[in-house]
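Please describe this structure for someone who has not met it before. Cover the main elements first, then some single residues.

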Amino acid sequence: AAKTLLSVNNIEVVYNDVILVLRGLSLTVPEGEIVALLGANGAGKSTTLKAISGLLKAEDGEITRGDVQFAGETVSGLDPGQIVRRGIFQVMEGRRIVADMTCRENLMLGAFTRKDREISSDIDRVYQYFPRLKERTGLAGYLSGGEQQMLAIGRALMARPKLILMDEPSMGLSPLLVKEVFSIVRQINRELGVTILLVEQNARMALSCASYGYIMEQGKIVLDGTAEELANNEDVKEFYLGGG
Ligand code: ATP
């Protein structure tokens, strides 16, 4: 079995000192794999990703119990920039690209922790995955939803992460684009060896590319298993796969 890259151990997360959102959540992500985190709206999926990336602090959220281990070291408590330097990069829900910058400038933002000379060759590598971004020379705000999602993933790659936390990459995209984005996600995982923790509403799509999955409800994991086990589970079929 692959070795564990990320482990989230029994974390409790509170917003504004009062609202308890994660209630003892644990999960692990093996190196080199794609793991899906599924659940209904408000279950706490985005909060889980932000607890890992350190972005929780910006929203007055706090880990009040438990810890997060990455590559054998504790990362909970570090600042978001330090966590990026350790090798974790979050692609936020809603993409968060900078509308009045070009694609290239947005990609450069992903490399903010780097000082090496390979940044421009890495931009070319991102363009190999997303050739359309190279053609779009105007401001990123004019990109289509799918192109913005690709840019957000490309920007994450610029940090040369070991682990990408991906929050709802399918959101707002047409079925055709969803397929395209997921196929690139798989390719990035396979070719670059980047481990991916994938939060998705589109459970069917997520389980089709993940090797393992977790289902959360009200701030806790309620079920986990291989993607195949989950896809064949009667409850999962009924509640998350639309009975299909
Ligand atoms: P969605 O798919 O709707 O984003 P989710 O599973 O990702 O759902 P979260 O966004 O993590 O869920 O939200 C979980 C709970 O935490 C919700 O009840 C939400 O209202 C609350 N919450 C999220 N962000 C904050 C915040 N900054 N301050 C207070 N409460 C928050």
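Helix α1, residues 45–53, lies across five strands: β3, β6, β7 (163–167), β8 (195–200) and β9. The helix runs at about 150° to β7. A second helix, α7 (residues 175–192), also packs on the sheet. Helix α7 touches β3, β7 and β8, and its direction makes about 155° with that of β8. This is a predicted model.

**The sheet**

What is the order of the strands in the open sheet? The six strands follow one another as β6-β7-β8-β3-β9-β10, with mixed pairing. Two of them, β6 (88–91) and β10 (220–226), stand at the edges. Each has a single partner strand, so one side of each is left without a neighbour in the sheet. On average, neighbouring strands here are turned by 15° against each other, direction ignored.

Several of the pairings can be followed in detail. Strand β3 (residues 34–39) pairs with strand β9 (residues 212–217) in the parallel sense, over five bridges. Within that pairing, Leu-38 has Ile-215 of β9 as its bridge partner. Strands β3 and β8 also run parallel and are joined by five bridges. Here the bridge partner of Val-35 is Leu-197 in β8. Strands β7 and β8 are parallel too, again with five bridges. Asp-167 stands opposite Val-199 of β8.

How well covered is β8? Strand β8 is mostly covered, with six of its six residues buried. Both of its faces are covered. One side carries Thr-195, Leu-197 and Val-199, the other Ile-196, Leu-198 and Glu-200, and all are buried.

**A helix pair**

Helices α3 (residues 103–110) and α4 (residues 119–129) pack at an angle of about 115°. Their axes are 11 Å apart. The crossing is right-handed. On the α3 side, the contact is made by Cys-103, Arg-104, Leu-107 and Met-108. Helix α4 brings Ile-119, Ser-120, Ile-123, Val-126 and Tyr-127. By type, the residues of this contact divide into seven nonpolar, one polar and one charged.

**Single residues**

Ser-46 sits in helix α1. Is Ser-46 buried or exposed? Ser-46 counts as buried, because its relative accessibility is 19% and the cut-off is under 20%. Which residues does Ser-46 touch, not counting those up to four places away in sequence? They are Glu-93 and Asp-167. The side chain of Ser-46 makes a polar contact with the side chain of each, as the table shows.

Glu-147 belongs to helix α6 (residues 145–157). This residue is buried, with a relative accessible area of 5%. Its side chain reaches the backbone nitrogen of Ser-144. Leaving aside neighbours within four places in sequence, Glu-147 is in contact with Arg-132, Leu-133 and Arg-136.

| Side chain | Reaches | Distance |
|---|---|---|
| Ser-46 | side chain of Glu-93 | 3.3 Å |
| Ser-46 | side chain of Asp-167 | 2.9 Å |
| Glu-147 | backbone nitrogen of Ser-144 | 3.0 Å |

Val-21 lies in strand β2 (residues 19–30). At 18% relative accessibility, Val-21 counts as buried. How far apart are Val-21 and Gly-219 in sequence and in space? They are 198 residues apart in sequence, yet 5.5 Å apart in space, C-alpha to C-alpha. Gly-219 is also one of the contacts of Val-21 beyond four places in sequence. The others are Val-13, Tyr-15, Gly-44, Thr-47 and Gln-218.

**Positive phi**

Two further residues come up for their backbone angles. Asn-10 has a phi near 50°, a positive value in a residue other than glycine. Its place is in strand β1 (residues 4–15). Asn-10 is partly exposed, with a relative accessible area of 37%. Asp-17 has a phi near 65°, again positive and again in a residue other than glycine. Asp-17 is placed in the loop between β1 and β2. Is Asp-17 buried or exposed? Its relative accessibility is 67%, so Asp-17 counts as exposed.

Definitions and conventions
Residues are numbered from 1 along each chain as its sequence is written. This is a predicted model: local features need pLDDT of at least 70, side-chain atom pairs count only at pLDDT 80 or more; totals for chains, interfaces and linings use all residues. Side-chain values use heavy atoms; hydrogens and water are left out. Helices (H or I, at least four residues) and strands (E, at least two) are DSSP runs, numbered from the N terminus. Buried means under 20% relative accessible area, exposed over 50%, partly exposed in between (1.4 Å probe, protein chains only). A polar contact is a pair of N or O atoms within 3.5 Å; within protein, one must be able to donate a hydrogen and the other to accept it, and residues adjacent in sequence count only if both atoms are side-chain atoms. Contact means heavy atoms within 4.5 Å. Two strands pair if DSSP finds at least two bridges between them. Axes are lines fitted to C-alpha atoms, for helices over the stretch in contact, and angles run from 0 to 180 degrees between N-to-C directions. A crossing is left-handed if the near helix is turned anticlockwise from the far one by less than a right angle, and right-handed if clockwise. Ala, Val, Leu, Ile, Met, Phe, Trp, Tyr, Cys and Pro count as nonpolar, Asp, Glu, Lys and Arg as charged, and the others, Gly among them, as polar.
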